[in-house]
Amino acid sequence: MPHADYVIAILLLLVGLYGMLARSNLVWKLIAMSFLQVAVIVFFVALAAKSGAGPPITGKEATPLARDYVNPLPHALMLTAIVVGVSTTGLGLALLLRIHRAYDTLEEAELLRRMRE
């Protein structure tokens, strides 16, 4: 399968979208949001991959060609996205804990009903 990484990214995206739209529990929505983040990271890393290319460290070659090297910027940006994703998930879990303590539920419909009262 030549584009398996793109298929994996699409499957992760679909699982995340399904979880955000079909689930009513806020914990499951947070997990689905994490799936969406991972799908974006997999997609960008797949876009940045080059077969037969090496790290962008030049030796004593006279004329280095760009096609022989992998661009490190997308990979560095995705490392930043991973850190942001972990932070977002941690903050979301903390907020869900506070919501559960205040309203004793994490079901979306029940929570909205209790907030109106």
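The exercises below, each with a worked solution, deal with a helix pair and with the salt bridges of a predicted model.

**Exercise 1.** Determine how the axes of helix α1 and helix α2 run relative to each other, and state which hand their crossing has.

*Solution.* Begin with the two elements themselves: α1 covers residues 4-22 and α2 covers residues 26-48, and their axes come within 8 Å while crossing at roughly 160°. Next, compare this angle with the cut-off, by which angles over 145 degrees count as roughly antiparallel. α1 is therefore roughly antiparallel to α2. As a last step, look at the sense of the crossing, which is left-handed where α1 passes α2.

**Exercise 2.** Find which residues make the contact between α1 and α2, and sort them by class.

*Solution.* On the side of α1, the contact residues include Ile8, Leu12, Val15, Gly16 and Gly19, whereas on the side of α2 they include Lys29, Ala32, Phe35, Val42 and Phe43. When the contact of α1 with α2 is sorted by class, it has 18 nonpolar, 2 polar and 2 charged residues. Among the residues in this contact are Asp5 of α1 and Lys29 of α2, and both Asp and Lys count as charged.

**Exercise 3.** Explain what the salt bridge between Glu108 and Lys29 joins, and decide whether Lys29 is buried or exposed.

*Solution.* The structure holds 4 salt bridges, and in one of them the side chains of Glu108 and Lys29 meet at 3.5 Å, N to O. Glu108 belongs to helix α4 (residues 108-116) and Lys29 to helix α2, so this pair ties together parts that lie 79 residues apart in sequence. To judge accessibility, recall that buried means under 20% relative accessible area. Lys29, with 15%, is buried, while Glu108, at 33%, counts as partly exposed.

**Exercise 4.** Work out how Glu110 is placed relative to Arg113 and to Arg114, and name the network of salt bridges that links these residues.

*Solution.* Take Arg113 to start with: its side chain meets that of Glu110 in a salt bridge of 2.5 Å, N to O, and the two residues are separated by about one helical turn because they stand 3 residues apart in helix α4. Then turn to Arg114, whose side chain meets that of Glu110 in a salt bridge of 2.7 Å, N to O; these residues are 4 residues apart in helix α4, and so they too are separated by about one helical turn. In accessibility, Glu110 is partly exposed at 23%, as are Arg113 at 36% and Arg114 at 28%. Finally, the network of salt bridges links Glu110, Arg113, Arg114 and Glu117.

Technical notes
Residues numbered from 1 in each chain as written. Predicted model: local features only at pLDDT ≥ 70, side-chain atom pairs only at ≥ 80, totals over all residues. Heavy atoms only, no water. Axes fitted to C-alpha atoms, helices over the stretch in contact; angles between N-to-C directions. Parallel < 35°, antiparallel > 145°, perpendicular 65-115°, else oblique. Left-handed = near helix turned anticlockwise from the far one by under 90°. Contact = heavy atoms within 4.5 Å. Buried < 20%, exposed > 50% of the residue type's maximum accessible area, 1.4 Å probe, protein only.
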